[in-house]
Each structure stands twice: as structure tokens, then as C-alpha cells.
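Okay, thanks for coming, everyone. I'll put the structure up and then walk through it.

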Amino acid sequence: MAEWNAYYQNEEEDLDGEEGEESGVDYKTTGRDSLVFLVDASKEMFIKEESGELTPFDMTMQCVRSVYTSKIISSDKDLVALVFYGTEQSKNPRNSFKHVYVYHDLDTPGAGRVQDVDGLRGEDGAKVAAKTMGSGKTNLGEALWCCSNLYSDIKLRLSHKRLMIFTCRDSPHEGDSERDRQARTKAGDLKETGVVIDLMHLMKPGGFDVSIFFCDVVSPPEDDAELGLQMEPCVKLEDLKKRVRAKEMKKRSIARLNLCLGEGMNVAVGVYITALQARKPNPIKLFKDNNEPVRTKTRLYHTQTGSLLLPSDTKRAQVYASKQIVMEKDEVDVIKKFSDPGLELIGFKPMERLKLHHHLRSPVFIYPEEEMVTGSACMFTALLKRCSERNVFALCKYTRIRNSPPRFLALVPQREELDEGQAQIAAPGFHGIFLPYADDIRTLDTPQLPTASDSQVDKMKEIVQKLRFKYRCDAFENPVLQKHFRNLEALALDLMAPEEIEDHTMPKIEMMDERLGSLAQEFKDLVYPADYNPEGKTANKRKPAGGAEKKPKVDISEDELRGHVQKNTLHKLTVPILKDACKQFGVKVTGTKKQELIDALTRYFQKTV
């Protein structure tokens, strides 16, 4: 009979705990993201601009490498492919398409693929690309057709399909209307199958005009929050990486639930993560012979007969009031279930009732899902508008999955915000604030500390005002995580040393001293007394260099030493006494061990007999 804790979690369910239950995404239900890089390999891509340090092809390869490495770290289950068009050589399934070179099939990224892309970077990479693929005629329609076949050959469930075209030519077919028509037709077929086509155009002499051809190929924005087709081409590598990052990450909900507003009134909503702490990935045990992941299986055997026990043969037990309560597995599952997954409206409260100390963890964002229940967006918008006008929040009971404990959420309304360019900077929806239970709130006895004077407070305000800066969360990376992933990258790619990282969390002392000037000394004069010396505290007395405390010198007479030699009892003396005796009588010692000191004194007194 097993204890309750040994079987509290069902084998078929994945619960990471209260803090980590929103940390991952179930790919079995939502599917995987897929991304295909379709790169122009024409001669124009290898021409370096006078003002630029990189060729368009080299910028593209560095951007592809950046996406590969980020996928390996953040979402290694997603699928990525690299296809070149406008090549002289052809390499694709069954070689059905000319001038199309499939460099990487649609598969999960790995260290080998990163090394392949590294081989195409720089001047040496351009030579490798010219030797391997070359530059030939361009037929974008056949390249899109080839990418369509890559998607159709995948048997896995794909939640999002995206294709990015990298080129510096605004007229790839040089005015050939027939090939332009074929490319537009194939692009339309891809968009009908759910593939989103984006254009990452690079700078070329004379400018890049997207209206000539690519405006009919690129997909429109999926929602108001997504950037549409950018008219200006990318000139710098950072601009290209920023544009790719904005496109390649798909917003993925961690749950799709019903928001019950009353009897028979359900609104479908999606739950999204707004902030998540980055952690090191869990270690994976590998088999020492082939480095394959080790899979563990648990089997229960009868202690007396040794026979294999089936799940139906086991029971669960919980000791309560010195009694063992025995339950079946089905009974335990029923006890764990509080309510069905979903959000249930309890009531409304004024915003001033929500305090800062009620914030327990990072909140979630609630957004309507029109695809699940028609009319959800309209009802959700009306609720959001009304809560915002009345300055109230909605109190709800939140159950994410079937056997998770319920939590209380405060749904704080957020109206849509647009910048000067009418781009969305804040999406309309509710922020779900996790509220504490009564047992989570404690009354603390605050210590009685001296109160600062008004002059001290004013001086500190001046210091804080001088040291203020505009904080951006994306400007500070976790140095521990960055070092960890750099070490893994160096190990996987066989690098001599990991890439150096810059710790942006360290304070800039020189800049702070320059801004403060004499304010820091003025604050010290106000707070500390004149004779205060923070470095003048009494420290523990250091031990001598040898590690042992220096003891007073012990004098021993020659007759006493001679007696110890004759009786062979020198070993009863301590090492410091033996050392002092050797110094006193001028005995040369080859070492500092006790036996070496005894041998030296013995030889000395035997000679003087």
C-alpha cells in the first residue's frame, strides 16, 4: 500500500507546481511553430555597399544564425528550414525545381545546423556559397512551391507557419510578367493553406520599391498588434534582427477557457503570460555509451511473491488522526478536482480595494478568443469598457486545468493604447492579478529604527534624482544564464573558448561619481559623525603566514635534550620545541617534518658524546 504523496500526481497529467504551471506550452495540443528562411542567392546579394561593412548575404546569414541559437534555447521543439533560390545548382526533394537549393530541411535546430550557417558567413562563406550553390536564374514561384512541399511533408501538428523572404532585389524576375504571375499565384496558394509570408528586404543601390512586385506576395498583418509590410529596407544588421524577432515569435496562449459571466453566459478567452522568469533548463541524464537520454520506468512488485503489480492492485493511504485512511486511485482523483477549468465571475470591486501587497506573482493577460465562441469579442469588449469607465475590477475564480487548485484573480481592465504612428503599444484586455488567501497574509513586527531628519531626506532625494535613468527590461540580461548558454554553445560547436559577455547589471561607478559630484560627501556629513570611519572597525587578528598562531619560545637545556636522545623519547616533544632546539644549537635540518627534526638532533648529540 503506497503513501498518498507517492501517487498524488496523476501519471497522465503534467503539473509543474503553482509557480511553474504557466512556464511551458503543451505542444501536443497547440502544435509547433515552423519557420522557413527563403534567401536570395543572386550575385547582387554578395555585393558590399560602400557605406556598409557587410554584404546583404552575410547580414542574412548572421540573422539566420541568431534565430537558430535562440530557438535552441527558448523553443527547441519548433521547426526551422533554410532554402536558397536563384542558385545555379539545384538540391531539393526529387530535384523537381530548378535553381532552388534546400540547405536545411524543415526540422528542429541543432549545433550541426549552426555550424553549417557559420560556414556561409564572411568572405570565406561567400566563396563556399559560390562553390556549393552558385548564382543562376531566378524563379520565385518554383521556390515557393518547393517550400509548400516542405510543409506538406511534415506529419507533425503545426500551429503556425511562417515564411521569410530575404532579398535585395525589388524585381526578382527582371520584368518577366509570366514568372511574376506564377510567383503571385503560388504565394496566394500558400496563404490559403495558412502560411504567413513576410519580406525582409535589404538595401540596394537606388532604393527598394516594394510596390513593384512584393506588395502582392506578402501576407497582411494577422492582427492589429502585428507590424505590417515595412516600406523602408534594412540597412544595419541590428535593424534586420529586430524586424525578424518581431515576426518569428508567435503569441501562444497557455490555456483557452470559458469566462462564465452568469448562468448560460460564457465568453471564450485565452490566457497569456506577460512576464516569466528565465531559468536554466533542467538537466537531462544521458547514457554513457551513446549519450542518448535515459528514460526511467517505475514498476511495483509484491514484497512477498515478487509478482508485478498492476495499477488496479495498488491503493492510496493517508494517515489522519493516527488512523490510516485507504482510498482507491479514482477516489483520489475525485478529491483533487475542485471545479472544471475556466474563469467564473464572482463580482466587482472598486480599484482602490486592490492593494500593492496583494500582488503575489507575475500576472496573466486575458484576451477574447472569437474562434472558439462567436460573439466573445463583442461581449468581452463591452465588459472591458464598462469596468474601465466605472474604475472597477472583476473578481473571478480561476482553474487552469482539471486537477489544479482554484485561485482568485482580480481582472484589471486595460484599454488599447496607440502611439503617434497609430501602432498599438498596449492591447485591450484584462490583467489577471493573483490574489492571496487569508493564510498568505502575515503581520510582521517591524523593528524600531532611527528616523531620518528632513535635511537628510532632502539630500537623498537629490542623490536619487541625479542617479535616475530610463529603465528598459530588455537592456539587462541575466549574466549567470548568459554565461551558462555561452558555455553550452562553445561545447556544442567545439569552440576554443566561450564568447565573452558583458555584465550590464554592474553599476557604472565612474559615471555615478561624475553625476553626484559632492552630493555623496554632503550626505555622509549629514548622516555620519565627524570621526566615523567605516573601515576602522576592529577586525579579527590575522594568523601568521604559516597558518598557526605564534607561540612563545620554549627554552630547553642541553642536558634535557641529551637525556631524551639517550632514552629515545624525542618524539614526546612538540614540533615547535624541536624547531627551537635546532635553532638554539645550530643544527642544520633538511625538512620541517617531526621525524626529520628528531633525526637531525639525534645525529648532532651522538657526535658530541
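**Sheet, barrel and rings**

Let me begin with one bridge: Lys 161 has Val 195 as its bridge partner in S6. Quick housekeeping: this is a predicted model, so local features need pLDDT of at least 70, side-chain atom pairs count only at pLDDT 80 or more, and totals for chains, interfaces and linings use all residues. Residues are numbered from 1 along each chain as its sequence is written, and side-chain values use heavy atoms, with hydrogens and water left out.

Back to that bridge. The strands in question are S5 and S6 (residues 195-201), which pair in parallel over seven bridges. When I say two strands pair, I mean DSSP finds at least two bridges between them. Strands and helices are DSSP runs numbered from the N terminus: E and at least two residues for a strand, H or I and at least four for a helix. Between S5 and S6 comes helix H6 (residues 177-192), and the three make a right-handed β-α-β unit. Right-handed here means that, with the strands pointing away from you, the path from the first strand over the helix to the second runs clockwise.

Now the wider sheet. It is open, with five strands in the order S4-S3-S2-S5-S6 and mixed pairing. S4 and S6 are the edge strands, each pairing on one side only. From one strand to the next, the twist averages 15 degrees; axes are lines fitted to C-alpha atoms, for helices over the stretch in contact, and angles run from 0 to 180 degrees between N-to-C directions.

S2 has a partner on either side in that order. With S5 it pairs in parallel over eight bridges, and Arg 32 has Leu 158 as its bridge partner there. S2 and S3 also run parallel, joined by seven bridges, with Leu 38 matched to Val 83 in S3.

How much of S5 is buried? Eight of the 10 residues in S5 (residues 158-167) are, so this strand is largely enclosed by the rest of the structure. The cut-offs for relative accessible area are under 20% for buried, over 50% for exposed and partly exposed in between, using a 1.4 Å probe and protein chains only.

Two loop residues are worth checking if you look at backbone torsions. Glu 174, in the loop between S5 and H6, has a positive phi of about 55 degrees although it is not a glycine. Glu 174 is exposed, at 68% relative accessible area. The other one is His 99, with phi near 60 degrees. His 99 sits in the loop between strand S3 (79-85) and strand S4 (100-107), and is partly exposed at 22%.

On to the rings. Searching the whole structure gives 17 aromatic pairs. The rule is that rings of Phe, Tyr and Trp (its six-membered ring) pair if their centres lie within 6.5 Å; planes under 30 degrees apart are stacked, over 60 edge-to-face, and the rest tilted. One of the pairs is Phe 37 with Tyr 68, which is tilted, at 6.4 Å centre to centre and 55 degrees between the planes. Why does that pair tie together separate parts of the chain? Phe 37 is in strand S2 (residues 32-40) and Tyr 68 in helix H2 (residues 56-74), so the parts it joins are 31 residues apart in sequence. Phe 37 is buried at 0%, and Tyr 68 is buried at 0%.

Then there's Phe 380 and Phe 430: centres 5.3 Å apart and planes at 85 degrees, so that pair is edge-to-face. Phe 380 belongs to helix H9 (residues 376-390) and Phe 430 to strand S17 (residues 429-434), so this pair ties together parts 50 residues apart in sequence. Phe 380 is buried at 4% and Phe 430 at 1%. There is also a cluster linked by ring pairs: Phe 46, Phe 57, Phe 84, Tyr 101 and Tyr 103.

S17 brings us to the barrel. It is closed, with seven strands running S7-S8-S12-S17-S14-S13-S11 and mixed pairing. Neighbouring strands there are turned by 40 degrees against each other on average, direction ignored. S11 (residues 342-350) and S13 (residues 392-399) are antiparallel over eight bridges, with Gly 342 partnered by Thr 399.
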